[in-house]
Protein chains: 2
Amino acid sequence: MGGDFAPAHVVEGTVDAVREAPGRFSVILVGQTDSIEAELRRLTDQGKKIPGDRITMVNAAEVITMEDSPTAALRSKKNSSIAVGLGMHREGKAQAFVSAGNTGAVMSASTLILGRIEGVGRPTIGALVPTAQSPCFLVDAGANVDCKPRHFFEFAVMGSIYMSSIAGVSNPRVGLLNVGEEDAKGNEIVVESFSLLKNSRLNFVGNVEGRDILRGVVDVVVCDGFVGNILLKFGESIPGFFREKFLRFAAASTINKLVALVARKGLRTVMKELDYQEHGGVPLLGVNGVSIIGHGGSTPKAIKNMIFRAEEMVLKNVNGRIQETLGQHHG
Amino acid sequence: MGGDFAPAHVVEGTVDAVREAPGRFSVILVGQTDSIEAELRRLTDQGKKIPGDRITMVNAAEVITMEDSPTAALRSKKNSSIAVGLGMHREGKAQAFVSAGNTGAVMSASTLILGRIEGVGRPTIGALVPTAQSPCFLVDAGANVDCKPRHFFEFAVMGSIYMSSIAGVSNPRVGLLNVGEEDAKGNEIVVESFSLLKNSRLNFVGNVEGRDILRGVVDVVVCDGFVGNILLKFGESIPGFFREKFLRFAAASTINKLVALVARKGLRTVMKELDYQEHGGVPLLGVNGVSIIGHGGSTPKAIKNMIFRAEEMVLKNVNGRIQETLGQHHG
């Protein structure tokens with residue numbers, strides 16, 4: 001029920017997901033059932049065939065809005081779709097949870113309700129970032145703004161496992177985001193994190209700088225959630241900035257206008273790569289379960305991709321591998 | 001003598017600067033005089049008229065390379081162009097210092113040799129960042145990776161004075177770079193900095209997010225040098241990323257190739273705005289003097305702009321205004 005287009009986009013994305021993947025999984029839509037039913041009817045009226053046996057509903061009367069304070073909302077709205085859905089996941093009635101709702105609320109509720117994997121101090125969210133080569137995984141993407149070196153290490157381990165399990169990268173190259181390439185660079189916590197990473201079994205290639213991310217020199221970029229959040233949001237704003245500048249360029253002369261008209265297709269293709277919404281959600285890694293968190297403005301396509309991502313996280317046993325690695329370290 | 005194209009670009013930029021600004025200032029070229037003389041001859045041979053009375057030379061036998069460790073190099077190379085030039089500035093033989101050499105060395109030497117302005121705990125470098133509106137000043141751009149709240153406050157004050165004095169922005173809007181807009185967001189140090197800024201006389205508009213920078217909603221963006229450095233280097237890598245993607249788009253089909261050919265001009269115009277080298281150097285604010293630090297790869301045009309910037313810093317008495325404001329605060 002969360003997100004800017006709830007429940008319309010969630011329902012449509014779900015229908016598309018089950019249609020595209022016959023027999024692979026079923027989806028429980030948790031929320032205000034009358035609104036969900038209305039959406040399903042709307043889709044049927046549009047001529048979409050809905051595999052009714054693979055989509056069920058569970059009522060959750062309350063809605064945590066995008067403006068709600070996460071902690072306050074989780075206390076006061078016990079019957080939100082977030083709380084009810086995650087409760088079902090914990091009880092084993094579902095194997096994964098997907099939401100485009102209030103990010104802070106989904107993160108807190110996931111950690112609270114599902115608990116952490118043994119050996120994980122801080123669950124983390126990572127984000128796939130496009131590069132000149134294959135996408136890299138930026139972790140932490142905003143879940144933890146104050147971090148200790150051991151959390152950097154956990155992010156690196158979880159990011160590495162995610163990239164090898166889900167993106168199929170063998171022995172992912174891990175870089176520590178820093179202000180220079182030399183070993184001793186950075187602020188105190190980053191310098192300490194460097195030693196931890198260097199002495200680990202990870203494929204740690206050392207420090208990487210801001211300019212290295214888009215060059216694609218590593219598969220996992222490790223940073224705290226403060227830096228990660230700012231960087232990702234900056235990145236998301238680039239297409240809009242260029243659109244603006246290009247419109248101004250086009251307005252400068254008739255020739256420019258013609259150039260801009262012709263160039264539009266190319267620009268769109270290129271800019272689309274920076275459009276995070278297409279990628280569909282980020283996983284919360286380190287919790288005892290699968291929790292995929294989507295952008296508030298998630299399109300049906302993004303929702304569909306989030307469901308596929310959740311399925312993959314279960315099938316590839318990402319959590320088992322995290323526990324195997326970190327459980328030893330802190331055991 | 002520092003920088004990737006020394007002394008060629010420095011000499012050419014200097015000649016262009018004095019030619020473009022008749023009678024306004026003279027420049028002392030500090031470095032290996034035989035190399036400098038060779039460059040001046042080369043320019044004369046190319047037919048450039050050199051106003052000899054406004055360009056003088058002072059010999060500095062040693063060179064701090066881009067690879068040298070700043071602190072070690074400053075200790076061992078007492079006759080570097082950086083040390084000699086800054087020494088002349090301290091002694092009043094020059095009113096400003098400009099360099100495209102080893103950034104760390106120029107920063108350390110400037111603070112060491114010139115000293116800090118009364119009330120300034122940490123000298124800072126800021127960078128002008130293009131936005132959809134007018135450029136904004138990101139401060140700290142990399143000088144200080146570990147900061148306390150009072151340093152954030154100093155950055156805000158110095159950035160604000162710089163933008164009003166040099167960029168002509170009246171009552172510059174100051175934003176604190178953060179992971180959310182709400183007052184209590186961020187890591188511990190940023191939350192404390194928020195209170196300091198809120199209770200100041202600055203035109204503090206509150207927290208700004210990564211996505212707000214390019215939108216141009218503030219004139220001064222305050223952050224620590226760790227975040228600032230990573231963000232700026234990330235920004236600098238964007239044109240290269242797009243070039244790469246566009247080449248791949250062009251390679252996909254003949255039509256795409258034609259589209260790309262036509263689009264090139266527009267892309268170049270737009271990308272140029274992101275090209276920091278054009279802007280020409282960043283000022284080190286908070287030292288008892290004027291020290292402008294350029295990119296190692298500075299073009300002659302960038303050097304010329306750095307000289308103009310230095311002149312402006314002197315004429316507008318930026319340091320006097322910094323002392324007036326911060327001297328009171330910590331007096």
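Copies of a chain are superposed here by least squares on the C-alpha atoms of residues with pLDDT of at least 70 in both. In this predicted model, a rotation of 180° with 0.0 Å of shift along its axis brings chain B onto chain A with an RMSD of 0.1 Å; the two copies are thus related as by a two-fold rotation axis. The residue of chain B that comes closest to that rotation axis is B:Ala263, whose C-alpha lies at 2.5 Å.

**Confidence and the pairing of the chains**

- The predictor assigns the complex an ipTM of 0.89 and a pTM of 0.91, while chain A has a mean pLDDT of 92, with 97% of its residues reaching 70 or more.
- Two copies of a chain are related by a rotation about an axis and a shift along it; here the rotation is 180° and the shift 0.0 Å.
- The same surface serves both copies, in that 100% of the contact residues of chain B recur in chain A.

**Aromatic rings and charges over rings**

- Over all chains the count comes to 14 aromatic pairs, among them the edge-to-face pair of A:Phe241 and A:Phe242, with 5.5 Å from centre to centre and 65° between the planes.
- Both A:Phe241 and A:Phe242 are buried, and ring pairs link these two residues with B:Phe241 and B:Phe242 into a cluster.
- The pair of B:Phe137 and B:Tyr162 is stacked, because the ring centres are 4.5 Å apart and the planes stand at 25°, where an angle under 30 degrees counts as stacked.
- This stacked pair links distant parts of the chain, since B:Phe137 belongs to strand β5 (residues 136-139) of chain B and B:Tyr162 to helix α6 (residues 149-165) of chain B, 25 residues apart; B:Phe137 and B:Tyr162 are both buried.
- In chain A, A:Arg54 lies over the face of A:Phe25 at 5.7 Å from the ring centre, and in chain B, B:Arg54 lies over the face of B:Phe25, also at 5.7 Å from the ring centre.

**Helices and their cover**

- Helix α6 of chain B has 17 residues, which at 1.5 Å a residue should span 24 Å, and its end C-alpha atoms are indeed 24 Å apart, so the two values agree.
- That helix, α6(B), is mostly covered, with 16 of its 17 residues buried.
- Helix α1 (residues 8-20) of chain A has 13 residues and reaches 18 Å from its first C-alpha to its last, close to the 18 Å expected at 1.5 Å a residue.
- The buried residues of α1(A) include A:Ala8, A:His9, A:Val11 and A:Val18, and what covers the buried residues of this helix includes β1 (27-31), α2 (33-45), β2 (55-59) and α12 (300-315) of chain A.

**Backbone exceptions in loops**

- Most residues other than glycine have a negative phi, and most peptide bonds are trans.
- The peptide bond from A:Val139 to A:Asp140 is cis, with omega near 10°, and A:Asp140 is found in the loop between β5 (136-139) and α6 (149-165) of chain A.
- In chain B, the peptide bond from B:Val139 to B:Asp140 is cis as well, with omega near 15°, and B:Asp140 is found in the loop between β5 and α6 of chain B.
- A:Asn317, in the loop between α12 and α13 (318-330) of chain A, has a positive phi near 55°, and at 44% relative accessibility A:Asn317 counts as partly exposed.
- B:Asn171 has a positive phi of about 50° although it is not a glycine; B:Asn171 lies in the loop between α6 and β6 (173-177) of chain B and is exposed, with a relative accessible area of 54%.

Note on methods
Residues numbered from 1 in each chain as written. Chains lettered and ligands numbered in written order. Predicted model: local features only at pLDDT ≥ 70, side-chain atom pairs only at ≥ 80, totals over all residues. Heavy atoms only, no water. Contact = heavy atoms within 4.5 Å. pLDDT = per-residue confidence, 0-100. Phe/Tyr/Trp six-rings, centres within 6.5 Å; stacked < 30°, edge-to-face > 60°. Buried < 20%, exposed > 50% of the residue type's maximum accessible area, 1.4 Å probe, protein only. Helix = DSSP H or I, 4+ residues; strand = E, 2+ residues; numbered from the N terminus. Lys NZ or Arg CZ within 6 Å of the ring centre and 35° of its normal. Expected span 1.5 Å × (residues − 1).
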